[in-house]
Amino acid sequence: MRQSQLLLPTLKENPADADVASHRLMLRAGLIRQVAAGVYTWLPLGLRVIRKLENIIREELNRSGAQEVLMPVVQPAELWEETGRWAKMGPELLRFEDRHDRDFCLGPTHEEIITDLFRREVHSYKQLPCNFYQIQTKFRDEIRPRFGVMRAREFTMKDGYSFDLDQASFDRTYQGMYDCYCRILSRMDLDFRPVEADAGNIGGSNTHEFQVLAESGEDTIVYATGGDYAANLERAVGAPPSPRPEPGEAMHTVDTPDCTTIAAVGELLSLPETQCVKTMLVRGEDGPIAIVLRGDHELNEIKVGKLPGVTNPVTFAEESEIISAVGCRPGSIGPVNLAVPFYVDEYAYAVADFCCGANEEGRHHVNVNWERDLTVDAGRVVDARNVVAGEPAPDGQGTLAFLRGIEVGHIFQLGTIYSEAMGADVLDQDGKPLVPIMGCYGMGVTRLVAAIIEQNHDEVGIKWPAPVAPFHVHIVALNYGKSEAVREAADALYQACLDADMEVLLDDTDDRPGVKFADADLIGIPHRITVGDRALKEGNVEYKARTGGEAEPVPVADILRRITQED
């Protein structure tokens, strides 16, 4: 491709509304342009990257035995009503009516559509297992689209769905998709981690996210320093707590005026936060529910939202609700003689002789012990906290450490949530109906572009990994329009690259050398060849890899061999 014929509107300055590196560089390098909040047009350079990613994804999915289909963006409400999600989904689901007043939505996901296809076309156990995928436009009406294509409203996604006869068959399918995703991301030269995760609105269990490591990532990844354990913070667990010590002195109550935080109470009573427990009230289906944590731990809202009776998503009780239910303000609440039901985190349950609120303004109990001074109902000791860096890993292999990550893929075990709700069964070998187990496998294609840039850039621009780069070679011809020698050499080299099946961009513009080099660094093509009069007089061109190093002279006859060696 000749650069003079390419729509490549690069920008010198960082856009004011771009908060992360990938968004800034995608705008500056002419990959995207915003149409509306969270909605973008992909320009030629950006689209070439998307096509590279799609090709890798297709090759690996086809290799795994998955079949490609293409489902509609527009989906009828009646399918979503069958699964109950039409009412359950929030405002992210963009609903509208057609001219006949029928309800539709723009698809954020396609579980209902694929299950409807399956129940219409697959009828025998002999047709299972089967696995379908598509690469399709999605729309989720995010309340705050941000970070460019990382959190957009309209985006391109690969989503896949499997159907299996039994758990053993599904386990093989799930592992196959897990391995397939690892191959896809490895081929893109990404540093990533598969981690245990929460299923969110999709439902099901046994889910894994695929996280690309980057400081700008929205997710916190927890991993074991000496083993294979890895999980999203919302799902991560630690090792079981140590056995609780025997009780010490008798419980008694002390005045704690103006102490409404664990830190203030601990300082007044000379107690470490680990020797205190804190009690928070959240809204429940039948009234407030208390959650008791160790003083130094933080509430995990995802875990708490799954507890029986707790309203999900978790909503903290207002002060007026707390006073009405408990008789005191936040900061003095405790589990002793508490008038509302409560759950206790297992680490709080392992503390002896602890301090807690007395449910009276400005008063706390000290030397409180479980079972001696208060009892906990069966099943009420739970995991309700965020793990802490440095604590023992659950597999016993080292300690837990944290990284930041960008979620680019998520695979789920759906079970029979959708197939049962929509009557998508098949006949087994005895002629009896059997409801298949479903799996769901998503990968954000446009988000992958941003994740790759977040992991591969420097202060001047993008540094594309070779497998996903929009072009393989960038020929920068200096003084192309005025120097016949440069023009002839650049054109000959351009043709030689094409003949060698290299994807090549020839900068044949009339821009000054400084502008050309700045744009070359910005768009980040792996191999740069500079053709100029000075080097040509000695039979050379200059070669520079975008990954680093100084430009160096290379004989014209050897330049293609050199590029092959660098790869």
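**Exercise 1. The hairpin of strand 17 and strand 18**

Task: In this predicted model, determine how many residues lie between the strands in the hairpin of strand 17 and strand 18, and which residue there takes a positive phi.

Solution.
- Step 1. Locate the two strands: strand 17 covers residues 354-357 and strand 18 covers residues 363-368.
- Step 2. Establish the pairing. The strands run antiparallel and are joined by three bridges. Within this pairing, Gly357 stands opposite His364 of strand 18.
- Step 3. Examine the connection. Five residues lie between the strands of this hairpin, and Asn359 takes a positive phi near 60°.

**Exercise 2. Further backbone exceptions**

Task: State where Ser270 and Asn479 are found, and decide whether each is buried, partly exposed or exposed.

Solution.
- Step 1. Recall the background: most residues other than glycine have a negative phi, and most peptide bonds are trans.
- Step 2. Consider Ser270. Its phi is near 55°, a positive value in a residue other than glycine. Ser270 is found in the loop between helix 7 (262-269) and strand 14. Its relative accessibility is 64%, so Ser270 counts as exposed, the cut-off being over 50%.
- Step 3. Consider Asn479. This residue is not a glycine either, yet has a positive phi of about 60°. Asn479 is found in the loop between strand 24 and helix 13. With a relative accessible area of 40%, Asn479 is partly exposed.

Task: Identify the residues joined by a cis peptide bond at Pro129 and at Pro313, and place each proline.

Solution.
- Step 1. Leu128 and Pro129 are joined by a cis peptide bond with omega about 0°. Pro129 lies in the loop between helix 5 (111-121) and strand 7.
- Step 2. The peptide bond from Asn312 to Pro313 is cis as well, with omega near 5°. Pro313 lies in the loop between helix 8 (301-305) and helix 9 (319-326).

**Exercise 3. Strand 16 and its partners**

Task: Describe which strands pair with strand 16 and in what sense, and which way its side chains point.

Solution.
- Step 1. Strand 15 (residues 289-294) pairs with strand 16 in the parallel sense over three bridges. Here Ala290 stands opposite Phe342.
- Step 2. Strand 19 (residues 381-382) also pairs with strand 16 in the parallel sense, over two bridges. Val381 is the bridge partner of Val344.
- Step 3. Strand 16 spans residues 342-345; Phe342 and Val344 point one way, Tyr343 and Asp345 the other way, and all are buried.

**Exercise 4. Two helices and their cover**

Task: Find which residues of helix 16 are buried, and explain why they lie on the same side.

Solution.
- Step 1. Helix 16 comprises residues 559-566, and its buried residues are Ile559, Arg562 and Ile563.
- Step 2. These residues cover an arc of only 100° around the axis, and therefore lie on the same side of helix 16.
- Step 3. The face turned away from the buried side carries the exposed residues Thr564 and Gln565.
- Step 4. The elements that cover the buried residues include helix 13 (484-499), strand 24 (473-477) and strand 28 (548-555).

Task: Determine how many residues of helix 12 are buried.

Solution.
- Step 1. Helix 12 spans residues 445-455 and is mostly covered, with ten of its eleven residues buried.
- Step 2. Among the buried residues of helix 12 are Val445, Arg447, Leu448 and Glu454.

**Exercise 5. Asn131 and Asp286**

Task: Decide whether Asn131 is buried or exposed, and do likewise for Asp286.

Solution.
- Step 1. Asn131 has its place in strand 7 (residues 130-139). Its relative accessibility is 11%, so Asn131 counts as buried, the cut-off being under 20%.
- Step 2. Leaving aside residues up to four places away in sequence, Asn131 touches several residues, including Gly65, Tyr161, Met177 and Tyr441.
- Step 3. Asp286 is found in the loop between strand 14 (277-282) and strand 15. At 81% relative accessibility, Asp286 counts as exposed.
- Step 4. Asp286 and Asn232 are 54 residues apart in sequence, and their C-alpha atoms are 31 Å apart in space.

**Exercise 6. The protein as a whole**

Task: State how many helices and strands the protein has, and what share of its residues is buried.

Solution.
- Step 1. The protein contains 16 helices and 28 strands.
- Step 2. Of its 567 residues, 51% are buried.

Definitions and conventions
Residues numbered from 1 in each chain as written. Predicted model: local features only at pLDDT ≥ 70, side-chain atom pairs only at ≥ 80, totals over all residues. Heavy atoms only, no water. Helix = DSSP H or I, 4+ residues; strand = E, 2+ residues; numbered from the N terminus. Buried < 20%, exposed > 50% of the residue type's maximum accessible area, 1.4 Å probe, protein only. Pairing = 2+ DSSP bridges. Arc of directions from axis to C-beta. Contact = heavy atoms within 4.5 Å.
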